[in-house]
Amino acid sequence: MNKKLFSDIFQMVAGNIICAFALGCFALPFNMVVSGMSGIGRMVNFYTGISVSVVVGVCNIILFLIGWAMLGHKFAASVAIGTFVYPTFLGIFQSMDVLTHLVDDPLLAAICAGVLNGVGLGLVIRVGGSTGGTDIPAIILNRKLGWKVAPILYISDVVIFLIQIPVTDTNGVILGILYALIYSVVMNKLIVMEQGGIQLMIFTEKVDEVNEKLLSMGFGTTLLNGAGGYMHDDKKVIYCVASTRNLNRIKRAILQIDSTAFITITSMSEINGNGFTWYFNQERYVPVLKNRHDGHKTGEAHNT
């Protein structure tokens with residue numbers, strides 16, 4: 001097993017365990033409305049007394065087998081971890097009374113549940129995994145009928161939320177909505193963590209000096225052809241993408257060369273490709289242009 005595969009499996013397992021911990025130790029003890037298969041399990045538990053983890057486990061296995069039959073073993077492998085790990089650990093956490101009384105404040109419980117669930121889902125989704133459950137019918141409908149996955153999941157979550165309202169007090173509904181909002185924000189932040197950055201467009205009369213300075217600092221650049229809007233004179237514009245932590249360093253370097261340089265800076269939520277998420281094996285900065293070579297042609301790409 002290579003390192004990347006091991007890392008992906010570890011993240012999926014850890015993410016599902018964290019999600020189970022968030023639900024079993026913070027959300028369910030305070031009777032919050034929850035989404036997905038856990039919401040269905042909560043309803044079945046209310047009317048029959050069957051444990052939420054048992055309901056989730058049985059439903060997950062049924063959907064897993066349907067997905068396997070309709071979409072094949074590769075699909076089944078991609079959701080297998082979530083199908084079995086999540087309900088197993090949910091049952092373990094619910095059975096430990098000490099873990100269901102970690103906090104006394106319902107608001108604090110909603111915050112803890114949201115943050116933890118967001119972290120767990122973020123870890124799973126970052127590596128292309130799934131928690132199983134309602135994801136499976138959405139993916140089946142996407143593969144067979146071409147329906148988009150996201151709207152199907154949104155609709156199913158809304159329906160599952162709504163059917164819980166009649167059996168949930170107002171506090172549980174409000175706390176559940178807060179919990180869902182928090183985990184959505186945390187999840188989205190975690191998914192794009194370390195994949196975002198800043199985009200700079202640099203307009204300067206000292207293009208060559210600024211460009212060479214950025215290259216010598218290890219930042220890739222692209223020179224774009226432009227024209228002044230007033231005089232229509234030809235100009236070169238330097239385009240550069242870098243991580244957010246290097247922003248001030250880049251600005252200082254530019255302004256030391258040209259204090260009147262015009263710089264636009266845009267925050268990017270995700271950046272992929274050579275120089276950011278993977279690299280070609282290029283030599284270090286070479287001052288003389290004729291001695292440089294194209295890393296795309298001389299080296300193999302490798303992940304960071």
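**Strand 1, its partners and a salt-bridge network**

Tutor: In this predicted model, strand 1 and strand 3 (residues 234-242) run antiparallel and are joined by six bridges.

Student: What makes strand 1 and strand 3 a pair?

Tutor: Pairing requires at least two bridges. Six bridges join strand 1 to strand 3, so the two strands pair. Within strand 3, Cys-240 is the bridge partner of Leu-200.

Student: How do you know that strand 1 also pairs with strand 4?

Tutor: Strand 4 (residues 262-268) is joined to strand 1 by seven bridges, and the two run antiparallel. At least two are needed, so this is a pair as well. Here Ser-267 in strand 4 stands opposite Ile-198.

Student: Why is strand 1 called largely enclosed?

Tutor: Of the seven residues in strand 1 (residues 197-203), five are buried, so the rest of the structure largely encloses this strand.

Student: What makes the contact between Glu-205 and Lys-235 a salt bridge?

Tutor: The closest N and O atoms of Glu-205 and Lys-235 are 3.3 Å apart. The limit is within 4 Å, so the contact qualifies. Glu-205 lies in the loop between strand 1 and helix 9 (207-216) and Lys-235 in strand 3, so the pair ties together parts 30 residues apart in sequence.

Student: Why is Glu-205 called exposed, and Lys-235 partly exposed?

Tutor: Exposed means over 50% relative accessible area. Glu-205 has 68%, so Glu-205 is exposed. Lys-235 has 31%, between the cut-offs of 20% and 50%, so Lys-235 is partly exposed. Salt bridges with shared partners join Glu-205, Asp-233 and Lys-235 into one network.

Definitions and conventions: Residues are numbered from 1 along each chain as its sequence is written. This is a predicted model: local features need pLDDT of at least 70, side-chain atom pairs count only at pLDDT 80 or more; totals for chains, interfaces and linings use all residues. Side-chain values use heavy atoms; hydrogens and water are left out. Buried means under 20% relative accessible area, exposed over 50%, partly exposed in between (1.4 Å probe, protein chains only). Helices (H or I, at least four residues) and strands (E, at least two) are DSSP runs, numbered from the N terminus. A salt bridge is a side-chain nitrogen of Lys or Arg within 4 Å of a carboxyl oxygen of Asp or Glu.
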